[in-house]
Amino acid sequence: MYGWIFRHLPGPLWLRIVTSLVLLGGVLVLMVQFLFPWMSQFTQFTDSTIGLVTRQ
Amino acid sequence: MVLLDKGTASAVPARGVGVLRKLIKIAGELLITVGVVLLLFVAWQLWWTNVESDAKQSETIRNFAQELGGSGGPVAPAPPGETPPAPADYGPPKVAKAPGHGGTIGIMYIPRFGPDYTRPIVQGTSMDVLDTLGLGHYSNTAMPGATGNFAVAGHRQTHGAVLDNIHTLVPGDKIYVQTKDGFYVYVFRNNQIVLPSATDVLLPVPTQPAARPTEAYLTMTSCNPRFGSQERIIAYSLLDHWQPASAGPPAEIAAQVAKALGKG
């Protein structure tokens, strides 16, 4: 899969390496911004309040 | 999509075997990806959320310091430094009005948690406050200095981990709350481990529904055990004395206060 993507990137080798690094960085940003905050609702050790937990 | 790729078709002896091999390869790559993402998630939650929250909390403190500067706050009336005198009596503590949700109430200094422990106290205990701004004040409880229960919550882990060391408090430890009115000095009394449903710890006299408060309590709640949330750890403190902003910070934390406010 990743090999297939890498082979289909345009340009010479160095450009493909740069492009894949940029793609990786973009995926990382997306995960930190959206995926991880969403996932954190399934972990428990962030509940520190008493009574009803009001999530927002 | 990938299955139709002809790039490696020449190496495949029979069509069925080739497809199966590719399917297994893709499944393997996906599993590795899931593993890497989960590891990144752990790193994000246990480390990066702290970095983010620390930055936000420093910003909150800077803004608070600017507000103080505007209202002629503690401009270092400076206790000269020699033997700190016994705390003077400034009368009954001034109690501020509660700010709106997300508004800054003040700063908490807890020397037991280290000389840099300077955390903002913000109104509200919803996740948007606790996840970024530090200590959240239960908005239905008293304000600092008031007779009754001033209750705050904070994360034990992640998002700044503001109360990570709550179990290290020793009876007699001082906890300083700075508001725009002055400094409230609380003395830690005891810990309690309760179930998450034990709302009676937030009562004006903690855990005593019938009692009428005669003292000012500070109650801090956080999750327990450190990396779980099956229980809550509660730290009770009592107001010892207060001093108005015009009297300057208590000598013990003067340097820390100057540092916290000087950043702005």
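pLDDT is the predictor's confidence in each residue, from 0 to 100.

**Figure 1. Overview of the predicted two-chain model.** This is a predicted model. Chain B averages a pLDDT of 84, and 87% of its residues score at least 70. The predictor gives the complex an ipTM of 0.82 and a pTM of 0.78. Chain A has two helices and zero strands. Of its 56 residues, 11% count as buried. Chain B comes to three helices and eight strands. Of the 264 residues of chain B, 38% count as buried.

**Figure 2. The low-confidence stretch, residues 71-78 of chain B.** Here pLDDT stays under 50. For these residues the model has 13 contacts beyond four places in sequence.

**Figure 3. The closed barrel of chain B.** Eight strands form the barrel, in the order β1-β2-β3-β4-β7-β8-β6-β5. Pairing is mixed. From one strand to the next, the twist averages 30°. Along the sequence, the elements of chain B run α-β-β-α-β-β-β-β-β-β-α from the N terminus on. Take the contacts in chain B between residues at least 6 apart in sequence: 64% of them join residues at least 24 apart.

**Figure 4. Strand β2 of chain B and its two partners.** Strands of a sheet pair through backbone hydrogen bonds, either parallel or antiparallel. In chain B, β1 (residues 104-109) and β2 pair in the antiparallel sense over five bridges. B:G106 has B:I121 of β2(B) as its bridge partner. β2(B) and β3 (residues 135-137) of chain B pair in the parallel sense over three bridges. In β3(B), B:L135 is the bridge partner of B:I121, and B:G136 is that of B:V122. B:I121 thus appears in a bridge with B:G106 and in one with B:L135. Five of the six residues of β2(B), residues 118-123, are buried, so this strand is largely enclosed by the rest of the structure.

**Figure 5. Helix α3 of chain B, buried side and opposite face.** The helix spans residues 254-262. B:Q256, B:V257, B:A260 and B:L261 are buried. These four cover an arc of only 120° around the axis, which puts them on the same side of α3(B). The general rule behind such a pattern is brief. An α-helix has 3.6 residues a turn, so residues three or four places apart point the same way. The face of α3(B) turned away from the buried side carries the exposed residues B:A255 and B:G262.

**Figure 6. The loop between β4 and β5 of chain B, with two positive phi angles.** The flanking strands are β4 (148-153) and β5 (174-178). B:T158 lies in this loop. Its phi is positive, about 65°, although B:T158 is not a glycine. B:A161 is found in the loop too. The phi of B:A161 is positive as well, about 45°, and B:A161 is not a glycine either. Is B:T158 buried or exposed? It has 23 C-beta neighbours inside 10 Å, and 20 or more make a residue buried, so B:T158 counts as buried. B:A161 has 18 such neighbours inside 10 Å and therefore counts as partly exposed.

**Figure 7. A cis peptide bond in the loop between β7 and β8 of chain B.** The peptide bond from B:N224 to B:P225 is cis. Its omega is near -10°. B:P225 is found in the loop between β7 (216-224) and β8 (231-244).

Key
Residues are numbered from 1 along each chain as its sequence is written. Chains are lettered from A and ligands numbered from 1 in the order in which they are written. This is a predicted model: local features need pLDDT of at least 70, side-chain atom pairs count only at pLDDT 80 or more; totals for chains, interfaces and linings use all residues. A residue is buried if 20 or more other C-beta atoms lie within 10 Å of its own, exposed if 12 or fewer, and partly exposed in between; C-beta atoms are placed from the backbone. The arc is that of the directions from the helix axis to the C-beta atoms. Two strands pair if DSSP finds at least two bridges between them. Axes are lines fitted to C-alpha atoms, for helices over the stretch in contact, and angles run from 0 to 180 degrees between N-to-C directions. Two residues are in contact if their C-beta atoms, placed from the backbone, lie within 7 Å.
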